Amino acid sequence: MKKVMICIYIIMLSMALIGCEGNGSSSIDDAYESTEDNVFEYNVEDIQFEWLPEMEYTTERKLINDMKKFVCYFAGESWGEPEIMIGVNIETKKMYVNKGMGGMDGSDSTCNLDDENIEELLNIIEKYKIQDWEYKYILEDCEDIDDGYYAWDIYMQYGDGSIEKHCGEANSFRKSEVQPSNYIEFRTAMVEFTDKFLKGFCGLDLAERTNETKPLDQMKKIVCKFLCDIHDKGEIVAIDIDNKKLYVGYDINEMDSVEPTCALSDSDIEEILNIIEIYKVQEWEQFYKYEEDEESGHYVWDIYMENEDRTVEIHHGFTNKPDGEEVKPSTYDEFKTAIEEFVDKCVSRGL
């Protein structure tokens, strides 16, 4: 059972790192060309983000100013806290957040950076001495503790095509044992660096969490992801209250770059806030978790509510039972029905 859980996590992490196929990027094999001595060398300019986990790594110290690509992946530090992946193409000055490494190639960037932003990023890497970290921080016996799985990864590609990697993996119960001494400070610095560029839906995963119930009239964004398999997009409904826009069926990281499903009126905004109040969503627990011994999949639901001060209130459920009854608040089903009826009405009206 414990080994099965770890295998599942590794598969999930690999999917996050590699990203989806079919994004138009070429294969890693296309970057290699034959030489007269039958030694194969890759074209440095063709290296893509999704290849970094597959390539050989160097232990040779390189100049930070020669860095071409930078990727860091951070698992959540507590139950319910989402994982974060940040990728920066230093040459093109583009940053990608939570797109998967395959999604960083040939797709729209989360935001564009300038020379000062790039300098700030490199200063963070230098300040926290990332190049001095060990290559691997791994607990060989972590499968002996059945308490979830935890990992982090850092990739740095340099001008000569060499790849530097640092990583850690363990059971979440022992995650501090695979963290360099200044890991949390570096993680915080990277989240803060990234967060200032993210004002849309894609910034919700990085925003400061709050347990404080804020007035409904301070709410700016709402995202509801109803119970689904952890590998699926599921039913996602998002509302941009300030701009009066409704998004249906998009991933949270897609909403800032797509057209809304429909526009909303002032009365629609009032109605959605009333639904949240009627079903006491703000009174739900922050995290609901239930697992049985048998392995039968993983199912999740999420509610994000962004406030005027950009703090985010999150409610989350996680279980391995597809009906999810053990992780549903008492008003969950009624709330879900009310949201679905609200969406149907707005979409059919065609505003």
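Two strands are said to pair when DSSP finds at least two bridges between them. Keep that in mind for the exercises below, which work through a predicted model.

**Exercise 1. Warm-up**

Task: State how many helices and strands the protein has, and what share of its residues counts as buried.

Solution.
- Step 1. Go through the secondary structure: the protein has five helices and 16 strands.
- Step 2. Turn to accessibility: 50% of the 351 residues count as buried. The protein exposes about 17100 Å², and carbon and sulfur atoms supply 46% of that area.
- Step 3. Look at contacts with a sequence separation of 6 or more: 64% of them join residues 24 or more positions apart.

**Exercise 2. The surroundings of β3**

Task: Find the strands that pair with β3, giving the sense of pairing and the number of bridges.

Solution.
- Step 1. On one pairing, β3 and β8 run antiparallel and share seven bridges. Here V71 stands opposite Y155 of β8.
- Step 2. The pairing of β3 with β4 is also antiparallel, over six bridges. C72 has I86 of β4 as its bridge partner.
- Step 3. Place these strands in their sheet. It is open, has seven strands with mixed pairing, and follows the order β6-β5-β4-β3-β8-β9-β7. At the edges stand β6 (111-112) and β7 (136-138); each has a single partner strand, so one side of each lacks a neighbour in the sheet.
- Step 4. Check the β7 edge: β7 pairs with β9 in the parallel sense over three bridges, and I138 stands opposite E169 of β9.
- Step 5. Add the helices. α2 packs on this sheet and touches β3, β4 and β8, with its direction at about 60 degrees to that of β3. α3 lies across β3, β4, β5 and β8 and runs at about 110 degrees to β3.
- Step 6. Count burial: seven of the eight β3 residues are buried, so the strand is largely enclosed by the rest of the structure.

**Exercise 3. The largest core**

Task: Which residues touch the most other members of the largest nonpolar core, and what does F70 touch?

Solution.
- Step 1. The core holds 53 residues, and those touching the most other members are L52, M67, F70, I125, I154, F186 and M190.
- Step 2. Sort by element: β3 (67-74), β4 (84-89), β5 (94-97), α2 (115-127), β8 (149-158), β9 (163-171) and α3 (183-195) each give two or more residues to this core.
- Step 3. Zoom in on F70. Leaving aside residues up to four places away in sequence, F70 touches F49, I86, G87, V88, L121, I125, I154, Y155, M156, F186 and M190.
- Step 4. Do not stop there: a second, separate core has 32 residues, including I222, F226, L227 and C262.

**Exercise 4. Another sheet and its helices**

Task: Give the strand order of the sheet that contains β10, then describe how α4 and α5 sit relative to each other.

Solution.
- Step 1. The order is β13-β12-β11-β10-β15-β16-β14, in an open sheet of seven strands with mixed pairing. Its edge strands, β13 (262-263) and β14 (287-290), each pair on one side only.
- Step 2. Follow the β14 edge: β14 pairs with β16 (residues 312-319) in the parallel sense over four bridges, and Y288 has G317 in β16 as its bridge partner.
- Step 3. Helix α4 (residues 266-278) packs on the sheet and touches β10, β11 and β15, its direction making about 60 degrees with that of β10. Helix α5 (residues 332-349) touches β10, β11, β12, β13 and β15, at about 110 degrees to β10.
- Step 4. Compare the helices: their axes come within 10 Å and cross at roughly 170 degrees. Angles over 145 degrees count as roughly antiparallel, so α4 is roughly antiparallel to α5.
- Step 5. List the contact residues: D268, E271, I272, I275 and I276 of α4 meet F335, A338, I339, F342, K345, C346 and R349 of α5.

**Exercise 5. Two residues to classify**

Task: Are V327 and K221 buried or exposed?

Solution.
- Step 1. The cut-off for buried is under 20% relative accessible area.
- Step 2. V327, in the loop between β16 and α5, has 0% relative accessibility and therefore counts as buried. Its contacts include Y288, W301 and F318.
- Step 3. K221 lies in β10. At 10% relative accessibility, K221 counts as buried too; among the residues it touches are K199, D240, Y304 and E306.

Terms used:
Residues are numbered from 1 along each chain as its sequence is written. This is a predicted model: local features need pLDDT of at least 70, side-chain atom pairs count only at pLDDT 80 or more; totals for chains, interfaces and linings use all residues. Side-chain values use heavy atoms; hydrogens and water are left out. A nonpolar core is a set of buried Ala, Val, Leu, Ile, Met, Phe, Trp, Tyr and Cys residues joined through side-chain atoms within 4.5 Å. Buried means under 20% relative accessible area, exposed over 50%, partly exposed in between (1.4 Å probe, protein chains only). Contact means heavy atoms within 4.5 Å. Axes are lines fitted to C-alpha atoms, for helices over the stretch in contact, and angles run from 0 to 180 degrees between N-to-C directions. Accessible areas come from the Shrake-Rupley method with a 1.4 Å probe; for residues, only the protein chains shown count as cover. Angles under 35 degrees count as roughly parallel, over 145 as roughly antiparallel, 65 to 115 as roughly perpendicular and the rest as oblique.
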